[in-house]
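Biologist: Please take a close look at one part of this model, the side-chain pairs that tie it together. Start with the fold, then go pair by pair.

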Amino acid sequence: MSIWSRITAAVSSLAKGESLSSVFARLRTPPEHSVGFTIAVIALGAKMAKADGLVTRDEVTAFKEVFQIARADEAGAARVFNLARQDVTGFEDYAQRVCAMFGAGHEALADLLEGLFHIAMADGSYHPRENEFLMQVADIFGLSEQEFRQIRSRFVPDADPDPRAVLGLPPDASMEEARAAYRRLVRESHPDRLVARGVPEEAVKLAEKRMVAINRAWDEIEKAQG
């Protein structure tokens, strides 16, 4: 059974009038974490799309860039997106339930936040309300301010971002610390590691953008070092 079939089954099990956020309580076991991860990205992405007051075609298309969605499965993904948009439950409840599913500070929650950043930047702009939304989600997930800034630096095109920040390091970090951080991030970004911690195989493309940013940051640090 494909992950999209499992998602359809999970959503279909909701009682009439029951919030979509209730589905996460039923996906507590590791084998179902990939289903919960996928629903979470789509559902929180739908909530975030409303944060700047506009749902654009680019933001909807971004889901197809994060996940490999076959044409036959598009209707199922769209159903989750629309359920979340129409649900009166706040995004905070969604984030809290997702956090309870994985555990505060879990690596998969950082992966999930990356997926949301990918969607936020799909239209080429980063709205202040999107930033506020993502900061609140990161806080609920138990991610540190440094972790949030690290992920943000990979997506938001601020002027001349510090390459050490991309690696999650302070500006005064040594070359040795930068090298160790770079090697650790490369290991953690391997597709097998992502799948092992609950990221579905259909979303391992998330690691590609991360590795581009990580490699670019390391190259800049090496060049600066001479």
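Modeller: First, a term. A helix here is a DSSP run of H or I with at least four residues, a strand is a run of E with at least two, and both are numbered from the N terminus. Keep in mind that this is a predicted model.

By that definition the chain has 12 helices and zero strands. Read along the sequence, the pattern is α-α-α-α-α-α-α-α-α-α-α-α. The overall form comes next. A compact globule of 226 residues would have a radius of gyration near 17 Å, and the chain agrees because its own value is 17 Å. The C-alpha trace spans about 65 × 35 × 30 Å along its principal axes. Of the 226 residues, 50% are buried. The accessible surface comes to about 11000 Å², and carbon and sulfur atoms contribute 50% of that area. Contacts reach across the sequence. Among those with a separation of 6 or more, 71% join residues 24 or more positions apart.

Now the charged pairs. Side chains of opposite charge can pair when their charged atoms come close. The cut-off here is 4 Å between a side-chain nitrogen of Lys or Arg and a carboxyl oxygen of Asp or Glu. The count comes to nine salt bridges.

Begin at R197. One partner is E107, with the closest N and O atoms 3.7 Å apart. That pair links distant parts of the chain: E107 sits in helix α6 (residues 107-120), while R197 sits in the loop between α11 (191-196) and α12 (206-225), and 90 residues separate them. The cover on the two ends is not alike. R197 has a relative accessible area of 9%, so it counts as buried. E107 has 39%, so it is partly exposed. Buried requires under 20%, and exposed requires over 50%.

R197 has another partner, D111, in a salt bridge of 2.6 Å from N to O. This pair also links distant parts: R197 in the loop between α11 and α12, D111 in helix α6, 86 residues apart. Here both ends are buried, R197 and D111 alike.

Helix α10 offers a local case. E188 and R184 form a salt bridge, with their closest N and O atoms 3.4 Å apart. Both lie in α10 (residues 175-188), four residues apart, which is about one turn of the helix. E188 is buried at 19% relative accessibility. R184 is partly exposed at 32%. Elsewhere, shared partners turn salt bridges into one network that joins E107, D111, E114, R154, R197 and R210.

Aromatic rings make their own set of ties. The structure holds seven aromatic pairs. One of them is W4 with F67: the centres lie 6.0 Å apart and the planes stand at 90 degrees, an edge-to-face arrangement. W4 is in helix α1 (residues 3-12) and F67 is in the loop between α3 (57-66) and α4 (74-86), so the pair ties together parts 63 residues apart in sequence. Both rings belong to buried residues. W4 has a relative accessible area of 4%, and F67 has 0%.

Y182 and W218 pair in another way. Their ring centres are 5.2 Å apart and their planes meet at 10 degrees, so this pair is stacked. Y182 lies in helix α10 and W218 in helix α12, so the pair ties together parts 36 residues apart in sequence. Y182 is buried, and W218 is too. Ring pairs also build a cluster from F117, Y126, F148 and F155.

Last, a polar residue in a loop. T89 lies between α4 and α5 (91-102). T89 counts as buried because its relative accessibility is 18%, and the limit is under 20%. A polar contact of 3.1 Å joins its side chain to that of S19. Leaving aside residues up to four places away in sequence, T89 touches S19, S21, K47 and Y94.

Put the ties side by side. R197 brings the loop between α11 and α12 to D111 in helix α6. The ring pair of Y182 and W218 ties α10 to α12. W4 ties α1 to the loop after α3 through F67.

Key
Residues are numbered from 1 along each chain as its sequence is written. This is a predicted model: local features need pLDDT of at least 70, side-chain atom pairs count only at pLDDT 80 or more; totals for chains, interfaces and linings use all residues. Side-chain values use heavy atoms; hydrogens and water are left out. Buried means under 20% relative accessible area, exposed over 50%, partly exposed in between (1.4 Å probe, protein chains only). Rings of Phe, Tyr and Trp (its six-membered ring) pair if their centres lie within 6.5 Å; planes under 30 degrees apart count as stacked, over 60 as edge-to-face and the rest as tilted. The radius of gyration is taken over C-alpha atoms; the globule rule is 2.2 Å times the number of residues to the power 0.38. Contact means heavy atoms within 4.5 Å. Accessible areas come from the Shrake-Rupley method with a 1.4 Å probe; for residues, only the protein chains shown count as cover. A polar contact is a pair of N or O atoms within 3.5 Å; within protein, one must be able to donate a hydrogen and the other to accept it, and residues adjacent in sequence count only if both atoms are side-chain atoms.
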